[in-house]
Amino acid sequence: MSKKIVISGWYGPGNIGDEAILQAMIDTFEEQFQNCTITALSFNPSYTKNTQKINAVRQVPSSIKGWVYSAVTLNIFKTIKVIKDCDLFVMGGGGFLSDWQPEVPHDWLKQMKIAKFFGKETWLYGIGAGPFLSDEGKQTTRYYIDNFVDKITVRDKESYRQLVENVKINKAIEIEIDPVAKMKVENYIDLNDSSDNSIVMIYTEYFKSKYFEEKHHKKWDLLFNAFCSQINAVLEHGFLPKLVFFQKNIEEDLANRFIEIFGDNVKVEFPNDYKEAVKMMNKSDAIISFRLHGNILAYAMKKPFLPIIYHHKTAGFLEHIDYPYENCILEVGDGKNWKDEKIVPQEWFDKTNLFLESIKK
């Protein structure tokens with residue numbers, strides 16, 4: 001008899017990292033449960049259906065307005081039906097379990113309550129947790145996990161500590177490497193592809209979110225200058241900087257800013273999905289990534305990579321592996337998600353230079 005699994009997460013908007021998480025979970029569950037059918041809750045079901053080749057329905061709304069619209073369009077009834085009919089409800093991957101964005105714990109974890117209402121087995125799988133900055137956030141998280149979650153797997157030791165020591169969860173919690181680290185990337189690359197003499201560079205606008213204090217908004221310009229110093233180091237080594245952006249709808253302005261400065265000396269890419277991203281990364285000589293899943297995909301592909309740590313999730317990932325370029329790692333943070341390190345563009349140039357010299361040996 002086929003096991004019916006529903007996976008919920010930040011799927012559908014086209015973020016390459018989140019879509020890679022979903023695919024990695026599909027790979028894992030299809031291997032673990034040899035007879036299973038998988039449905040995703042997605043913010044864009046047609047995108048998910050076309051990309052992952054699985055069934056998808058509309059994600060559970062988070063606002064009253066969203067619930068009204070979902071009821072009028074009948075989407076919510078399709079969503080509730082797949083939850084009611086499933087055997088296992090999984091909230092998977094990503095770093096959503098934190099009150100850094102205050103509304104997040106309730107908006108996501110309420111889905112576990114809906115699944116439990118129908119008597120379903122419920123998992124939090126491969127998630128990142130923390131920071132938790134308010135008593136309300138801790139209480140909300142503890143309430144839902146204590147009452148409506150059967151199994152918890154986190155992707156790093158800090159997430160485990162946050163849940164056990166900070167939130168006071170008194171349930172068994174397993175620690176496993178992020179699902180994307182075990183993704184079957186060989187399904188999406190041509191083993192005969194040769195190098196195009198590029199370094200893939202994966203950046204995003206940080207310190208511009210409404211959740212940051214004004215002092216961190218001002219820090220963005222310094223971070224951008226540090227990114228530029230890395231690009232200059234790559235150019236000096238004779239590589240083509242290939243700027244790969246994981247979410248076009250929010251990163252196009254950043255891409256254009258790089259083009260204004262570097263012109264034809266850089267190549268800008270907006271992959272449509274994780275498959276295209278993997279192909280682009282596979283042709284490069286190495287990856288430099290601010291995004292967590294840029295680094296994890298590089299690891300899965302056995303490519304040299306230089307991580308920029310802005311959150312404990314990246315440091316937690318590195319704890320799982322034997323990372324050979326430790327003296328090249330760069331750190332930047334906000335004092336909440338990660339320690340607040342100074343940004344010195346010359347240091348970024350020097351460490352990037354050291355990394356590039358190391359991979360040539």
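## Nonpolar cores

A nonpolar core is a set of buried Ala, Val, Leu, Ile, Met, Phe, Trp, Tyr and Cys residues joined through side-chain atoms within 4.5 Å. In this predicted model, the largest such core comprises 90 residues. Phe-29, Leu-223 and Phe-258 are the residues with the most contacts inside this core. A second core, separate from it, has 31 residues, including Leu-97, Ile-114, Phe-148 and Ile-169.

When residues up to four places away in sequence are not counted, Leu-223 touches Tyr-206, Phe-207, Phe-290, Val-332, Ile-343 and Trp-348.

## Packing of helix 8 against helix 9

Helix 8 spans residues 214-236 and helix 9 spans residues 248-262. The two pack at an angle of about 55°, and their axes lie 12 Å apart. Helices 8 and 9 are therefore oblique to each other. Helix 8 passes helix 9 in a right-handed crossing.

On the side of helix 8, the contact involves Trp-220, Asp-221, Phe-224, Phe-227, Cys-228, Ile-231, Asn-232 and Leu-235. These residues meet Leu-254, Arg-257, Phe-258, Ile-261 and Phe-262 of helix 9. By class, the contact of helix 8 with helix 9 consists of 10 nonpolar, 1 polar and 2 charged residues.

## Packing of helix 8 against helix 13

Helix 8 also packs with helix 13, at an angle of about 35° and with the axes 8 Å apart. The crossing of this pair is right-handed.

Helix 8 contributes Leu-222, Leu-223, Asn-225, Ala-226, Phe-227, Ser-229, Gln-230, Asn-232, Ala-233, Val-234 and Glu-236 to the contact. From helix 13 come Pro-345, Trp-348, Phe-349, Thr-352, Asn-353 and Leu-356. The residues in the contact of helix 8 with helix 13 divide into 10 nonpolar, 6 polar and 1 charged.

Some residues of helix 8 take part in both contacts. Phe-227 and Asn-232 of helix 8 appear in the contact with helix 9, and Phe-227 and Asn-232 appear again in the contact with helix 13.

## Phe-349 in helix 13

Phe-349 lies in helix 13, which covers residues 345-360. Its relative accessible area is 18%, and burial requires a value under 20%; Phe-349 is therefore buried.

Apart from neighbours within four places in sequence, Phe-349 is in contact with Ser-229, Asn-232, Ala-233 and Glu-236. Ser-229, Asn-232, Ala-233 and Glu-236 are among the helix 8 residues that form the contact with helix 13. Arg-58 is 291 residues from Phe-349 along the chain, and the C-alpha atoms of Phe-349 and Arg-58 are separated by 44 Å.

Notes:
Residues numbered from 1 in each chain as written. Predicted model: local features only at pLDDT ≥ 70, side-chain atom pairs only at ≥ 80, totals over all residues. Heavy atoms only, no water. Axes fitted to C-alpha atoms, helices over the stretch in contact; angles between N-to-C directions. Helix = DSSP H or I, 4+ residues; strand = E, 2+ residues; numbered from the N terminus. Parallel < 35°, antiparallel > 145°, perpendicular 65-115°, else oblique. Left-handed = near helix turned anticlockwise from the far one by under 90°. Contact = heavy atoms within 4.5 Å. Nonpolar A, V, L, I, M, F, W, Y, C, P; charged D, E, K, R; others polar. Buried < 20%, exposed > 50% of the residue type's maximum accessible area, 1.4 Å probe, protein only.
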